[in-house]
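Me: Please take a close look at one part of this protein, the nonpolar core, and set it in the context of the whole chain.

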Amino acid sequence: MSGHVFHPGHDELHGVTVVISGTSGRTYVGRWHERAARGVTMKDVAIREPADATTLDAWLASQRKFGLDATEKFLVVPNDEVAGVERFFDDR
């Protein structure tokens, strides 16, 4: 439901699994915790490097099908690295 805040006192994306497109070419998929001055804090994050042999679409499809291959329990993506954000599962 649009406008619903998962946990009161947090922003709308708190607790939602998102895809962040990085200016470096990296792609991050994980649970959004918050956005602050230092960047976006995420939990249980899978990262795709731009040099990976698998296409981005195939990698995202695999993450959806088999679950996130999280390599980072906790990660801060700097604000200047964040080029775009979208929900991983669009179930609104």
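How many helices and strands are there in the chain, and which residues make up the largest nonpolar core?

Reply: The model is predicted. The chain has 1 helix and 5 strands, and along the sequence these follow the pattern β-β-β-α-β-β. The chain is 92 residues long, and 32% of them count as buried.

The largest nonpolar core consists of 12 residues. Its members are Leu13, Val16, Val18, Ile20, Tyr28, Trp32, Val40, Met42, Val45, Leu75, Val77 and Val82. Two or more residues come from each of β1 (17-22), β2 (27-36), β3 (39-48) and β4 (72-77). The greatest contribution is from β3, which gives 3 residues.

Val18 is a useful member of the core to follow in detail. Beyond its neighbours within four places in sequence, Val18 touches several residues of this core, Leu13, Tyr28, Trp32 and Met42 among them. The contacts of Val18 also include Val29 and Gly30, as well as Val85, Glu86, Arg87 and Phe88. Phe88 itself belongs to a second, separate core. That core has 6 residues, including Val19, Trp59 and Leu60 besides Phe88.

Two values for the whole chain complete the picture. Of the contacts between residues at least 6 apart in sequence, 56% join residues at least 24 apart. On the outside, the chain exposes about 5,600 Å², and carbon and sulfur atoms supply 51% of that area.

Definitions and conventions. Residues are numbered from 1 along each chain as its sequence is written. This is a predicted model: local features need pLDDT of at least 70, side-chain atom pairs count only at pLDDT 80 or more; totals for chains, interfaces and linings use all residues. Side-chain values use heavy atoms; hydrogens and water are left out. Helices (H or I, at least four residues) and strands (E, at least two) are DSSP runs, numbered from the N terminus. Buried means under 20% relative accessible area, exposed over 50%, partly exposed in between (1.4 Å probe, protein chains only). Contact means heavy atoms within 4.5 Å. Accessible areas come from the Shrake-Rupley method with a 1.4 Å probe; for residues, only the protein chains shown count as cover. A nonpolar core is a set of buried Ala, Val, Leu, Ile, Met, Phe, Trp, Tyr and Cys residues joined through side-chain atoms within 4.5 Å.
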